[in-house]
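Visitor: Could you take me through the aromatic side of this one, and whatever it packs against? I'd like a close look at a single part rather than a full tour.

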Amino acid sequence: MFVPTRIFFTKGVGIHKDRLASFELALRKAGIEKCNLVYVSSIFPPKCKQIPSRTGLRELQSGGITFCVMARNETNEPNRLVSAAIGLALPKDVEEYGYLSEHHAYGETQDKTGEYAEDLAATMLATTLGIEFDANAAWQEREQTYKASGKIIRTKHVCQSAQGDKNGLWTTVIAAAVFL
């Protein structure tokens with residue numbers, strides 16, 4: 001069974017009169033257009049190492065089957081704010097798995113969408129690890145609870161946002177966690 005040993009994060013935005021071409025341009029901006037992308041769910045494999053995107057992009061092969069977690073959003077409404085984010089939460093124990101989450105939104109700032117994705121990943125991991133928390137508390141408060149437990153070592157997010165093209169062209173945003 002294939003279990004990825006490395007991962008990198010990337011993002012991009014594309015604008016074009018055709019919806020599909022807009023997506024293609026976002027993939028190009030992210031550097032993953034040459035891959036046959038296979039979307040997978042939300043598990044960050046045990047012992048998986050994060051590498052810089054420039055390193056990971058150099059290792060991709062044209063036409064290669066490439067597994068990723070991807071968030072995508074698009075609009076052709078002028079000036080409509082779109083965003084897409086991947087959140088990550090890692091356990092302290094590298095022998096355990098972590099979580100990735102994807103979130104896509106309209107009208108949210110890049111920071112809000114990114115923090116929401118990060119919160120989703122951290123909450124999924126916290127429930128798996130048996131960390132007790134107040135689900136109604138603000139993200140910053142829960143984040144402190146998660147980290148104070150000593151079971152969650154790190155959270156982060158990558159997010160891409162853009163305003164819809166003023167002339168009504170398709171605007172696509174993507175954020176991706178790419179497995180190697």
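Guide: Let's start at Tyr99, which counts as buried because its relative accessible area is 12%, with the cut-off at under 20%. Keep in mind that this is a predicted model. Tyr97, by contrast, comes out at 31%, so this residue is partly exposed.

How do these two tyrosines fit into the wider aromatic picture? The count comes to four aromatic pairs. Tyr97 and Tyr99 make one of them, with ring centres 5.7 Å apart and planes at 65°, hence an edge-to-face arrangement, since over 60 degrees is what earns that label. Trp139 and Tyr146 make another, at 6.3 Å centre to centre and 55° between the planes, and that one is tilted. Both Trp139 and Tyr146 are buried, and together with Phe133 they form one aromatic cluster.

Rings also turn up with charges over them. Arg80 puts its charged end over the ring of Tyr106, 3.8 Å from the centre, while Arg72 lies over the face of Phe23, 3.6 Å from that ring's centre.

Now back to the tyrosines, because there's a handy link from them into the core: Phe44. If you skip neighbours within four places in sequence, Phe44 touches Tyr97, Gly98, Tyr99 and Leu100, and also Ile7, Gln50, Leu88 and Leu90. Phe44, Ile7 and Leu100 are among the residues with the most contacts inside the largest nonpolar core, which has 18 residues; Phe9, Ile86 and Ala177 are on that list too. Two or more residues of this core come from each of β1, β5 (65–75), β6 (81–91), β8 (152–163) and β9. β6 supplies five, the largest share. There's a second, separate core as well, with 15 residues, including Ile51, Leu60, Ala176 and Val178. As a general matter, nonpolar side chains in soluble globular proteins tend to be buried together.

Ile7 deserves one more stop, for its backbone partners. Strand β1 (residues 6–16) runs parallel to strand β4 (residues 49–50), joined by two bridges, and there Ile7 is partnered with Gln50. Recall that Gln50 is also a contact of Phe44. With strand β9 (residues 170–179), β1 pairs in the antiparallel sense over 10 bridges, and the β9 partner of Ile7 is Phe179. That gives you a path to trace on screen: from Tyr99 to its contact Phe44, then on to Ile7, and from Ile7 across to Phe179 in β9.

Note on methods: Residues are numbered from 1 along each chain as its sequence is written. This is a predicted model: local features need pLDDT of at least 70, side-chain atom pairs count only at pLDDT 80 or more; totals for chains, interfaces and linings use all residues. Side-chain values use heavy atoms; hydrogens and water are left out. Rings of Phe, Tyr and Trp (its six-membered ring) pair if their centres lie within 6.5 Å; planes under 30 degrees apart count as stacked, over 60 as edge-to-face and the rest as tilted. Buried means under 20% relative accessible area, exposed over 50%, partly exposed in between (1.4 Å probe, protein chains only). A charge sits over a ring if NZ of Lys or CZ of Arg is within 6 Å of the ring centre and within 35 degrees of the ring normal. Two strands pair if DSSP finds at least two bridges between them. Helices (H or I, at least four residues) and strands (E, at least two) are DSSP runs, numbered from the N terminus. A nonpolar core is a set of buried Ala, Val, Leu, Ile, Met, Phe, Trp, Tyr and Cys residues joined through side-chain atoms within 4.5 Å. Contact means heavy atoms within 4.5 Å.
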